[in-house]
Amino acid sequence: MIQRIQSLYLFLAAVCSGLLFCFDLASFDYGATMMNLSVLGVDNQIDATYFGSSYTLPLLVMAVIMTILPVITLLMYNRRRRQVKLCQLDMLLNLSFAVLVMLYYISDIQKSINSDIVSFGIAIYIPLASLIFNLLAIRGIKKDIELLRSVDRIR
C-alpha cells in the first residue's frame with residue numbers, strides 16, 4: 001500500500017515541515033536592522049542576553065517531531081488505524097506550533113524590543129499546508145479502510 005495517494009500526502013507533509021528550517025517565521029523592525037525569528041533561533045539581535053540559544057528550543061523540538069512523524073506514519077502502511085492516529089497527532093502538533101509562534105514568540109519579541117512593525121515570513125504558513133496534507137492523508141487512509149472492509153464482507 002505504499003503506492004497509495006496518502007503516501008504522497010504524508011511525504012508532502014514531511015517536506016513542508018522540513019521547510020521550517022529554511023525560512024524565517026517573522027521579522028521585526030529593530031532600529032536600523034531587522035531581527036529574524038526562525039526555528040533555529042533569533043538572528044541579528046543586538047543584545048543577545050534575552051534571546052539566548054535555548055529561547056527557541058521548543059520550536060526546534062516541535063519542528064523536528066513534525067518532520068519525522070509523517071515519515072514514521074508513511075512507513076506504517078500495514079497499520080492503518082495507527083496511521084490515522086499519528087496523522088491526527090501531527091495535525092495537533094502543527095496547530096500547537098502555529099499557536100505557540102503567534103501567541104507567545106511574536107508577541108514576546110515585539111514587547112521586549114518595542115517594535116510595532118512585524119512582517120510574517122513564509123514559514124508561518126507552512127504548518128497550515130502540512131495540516132492540510134495530513135487531513136488529505138487521513139481521508140485517503142479512511143478510504144483504504146473502507147475498501148478493505150467491503151472486500152472482507154464479500155468473502
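**Exercise 1. Find where Ser 130 sits in this predicted model, and decide whether it is buried or exposed.**

Step 1: Look for Ser 130 in helix H4, which covers residues 126-154.

Step 2: Check its relative accessible area, which is 0%. The cut-off for buried is under 20%, so Ser 130 counts as buried.

**Exercise 2. Work out which residues Ser 130 touches, and which side chains it joins by polar contacts.**

Step 1: Skip residues up to four places away in sequence, and you're left with Ala 13, Cys 16, Ser 17, Asp 90 and Asn 94 as the ones Ser 130 touches.

Step 2: Now pick out the polar contacts between side chains. Ser 130 has one with Ser 17 at 3.4 Å, and there's another with Asn 94 at 3.3 Å.

**Exercise 3. Zoom out: how are the helices and strands ordered, and is the chain compact or spread out?**

Step 1: Count the elements, and you get four helices and four strands.

Step 2: Follow them along the sequence, and the pattern reads α-β-β-β-α-α-β-α.

Step 3: Compare the radius of gyration, 19 Å, with the 15 Å that the globule rule gives for 155 residues. The chain's value is well over that, so the chain is more spread out than a compact globule.

Step 4: Have a look at the spans too: along its principal axes, the C-alpha trace runs about 70 × 25 × 20 Å.

**Exercise 4. Say how many positive and negative side chains there are, and how far apart the centres of the two sets lie.**

Step 1: The tally is 13 positive and 10 negative side chains.

Step 2: The centres of these two sets are 25 Å apart.

Definitions and conventions. Residues are numbered from 1 along each chain as its sequence is written. This is a predicted model: local features need pLDDT of at least 70, side-chain atom pairs count only at pLDDT 80 or more; totals for chains, interfaces and linings use all residues. Side-chain values use heavy atoms; hydrogens and water are left out. Helices (H or I, at least four residues) and strands (E, at least two) are DSSP runs, numbered from the N terminus. Buried means under 20% relative accessible area, exposed over 50%, partly exposed in between (1.4 Å probe, protein chains only). A polar contact is a pair of N or O atoms within 3.5 Å; within protein, one must be able to donate a hydrogen and the other to accept it, and residues adjacent in sequence count only if both atoms are side-chain atoms. Contact means heavy atoms within 4.5 Å. The radius of gyration is taken over C-alpha atoms; the globule rule is 2.2 Å times the number of residues to the power 0.38. Lys and Arg count as positive and Asp and Glu as negative; His and the chain ends are not counted. The place of a charge is taken as NZ of Lys, CZ of Arg, CG of Asp or CD of Glu.
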